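Me: Got a minute to go through this one with me? I'd like the overall picture, then a couple of details.

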Amino acid sequence: MFSTILSNETIDPKKVERASQIIRDLQEELKGHIVNESGPFLAAIYDDKGNLIAKAANSVVSGCCSHNHAEMNAIKQAEEKLNTFDLAPHHLSLYVTAEPCLMCLGGILWSGIRAVYYGVPSARVEAITGFDEGFKPDWLNEFKRRGITVYGNIEVQLGEAILKSYVEQGKKIYKPSR
């Protein structure tokens, strides 16, 4: 199981086990969001005591706003709930059903999130859906340099199945026309 996990630190089996459970739950919940025209991504933010601080689905299409990605929506909710633009003192971790895109990496970086756990890697998201995840040169090491822990490729098969279902249902693949 751990051989496929990607991380910018030595892999901690307890972190992987917790992240696997949360990401599985998010992926199962995501199915309902997709039916209600959200998705196909869901993010949750937890504090270091295991308390859920925020959870949000992608709402780009329903909200008519290109930056309404699940991660950005969850970060905004957490900042509003905690009444701060700097989440760092709260020791928060972001869990998301797929690897954050270029925009979301910036949002995570500047929000003060301390750790990121993700499911489906960007290359698979792009191959399955056609979404443009953006270029992300050496982002794992850049996050490590800034004190942000990353674990990825968690519960990939379940996440891929949900993305395939999204496409098969004929849901909108949003990206700018060029």
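**Fold and details**

Reply: Sure. This is a predicted model, and the secondary structure of the protein chain amounts to seven helices and six strands.

Me: What pattern do they follow along the sequence?

Reply: Reading along the protein chain, you get β-α-β-β-α-α-β-α-β-α-α-β-α.

Me: What's the radius of gyration, and what would a compact globule have?

Reply: The protein chain has 15 Å, and a compact globule with 178 residues would have a value near 16 Å, so the two agree. Along the principal axes, the C-alpha atoms fill a box of roughly 40 × 40 × 30 Å.

Me: How many of the residues count as buried?

Reply: 50% of the 178 residues in the protein chain. As for contacts with a separation of 6 or more, 67% of them are between residues 24 or more positions apart.

Me: And the surface? What share of the exposed area comes from carbon and sulfur atoms?

Reply: They supply 52% of the roughly 9000 Å² that the protein chain exposes.

Me: How many charged side chains, positive and negative?

Reply: There are 20 positive and 22 negative side chains in the protein chain, and the centres of the two sets lie 1 Å apart.

Me: Switching to strands. Is strand 6 parallel or antiparallel to strand 1?

Reply: Antiparallel: strand 1 (residues 6-7) is joined to strand 6 by two bridges. Within that pairing, Ser-7 stands opposite Tyr-151 of strand 6.

Me: And how many bridges does strand 6 make with strand 5?

Reply: Three, and here the pairing is parallel; strand 5 covers residues 115-120. One bridge puts Ala-115 with Thr-149 of strand 6.

Me: Are the residues on the faces of strand 6 buried or exposed?

Reply: Buried, on both sides. Strand 6 spans residues 149-152, with Thr-149 and Tyr-151 on one face and Val-150 and Gly-152 on the other, and both faces are covered.

Me: Different topic: where does Glu-126 sit?

Reply: In helix 5, which runs over residues 122-129.

Me: Why does Glu-126 count as partly exposed?

Reply: Because its relative accessible area is 33%, and the partly exposed class lies between the buried cut-off of under 20% and the exposed cut-off of over 50%.

Me: What does Glu-126 touch beyond four places away in sequence?

Reply: Glu-126 touches Phe-131, Asp-132, Glu-133 and Gly-134.

Me: And how far is Glu-126 from Ile-154?

Reply: They're 17 Å apart in space, C-alpha to C-alpha, with their positions 28 residues apart in sequence numbering.

Definitions and conventions: Residues numbered from 1 in each chain as written. Predicted model: local features only at pLDDT ≥ 70, side-chain atom pairs only at ≥ 80, totals over all residues. Heavy atoms only, no water. Helix = DSSP H or I, 4+ residues; strand = E, 2+ residues; numbered from the N terminus. Rg over C-alpha atoms; globule rule 2.2 N^0.38 Å. Buried < 20%, exposed > 50% of the residue type's maximum accessible area, 1.4 Å probe, protein only. Contact = heavy atoms within 4.5 Å. Areas by Shrake-Rupley, 256 points an atom, 1.4 Å probe, with all protein chains shown as cover. Lys, Arg positive; Asp, Glu negative; His and termini not counted. Charge placed at Lys NZ, Arg CZ, Asp CG, Glu CD. Pairing = 2+ DSSP bridges.
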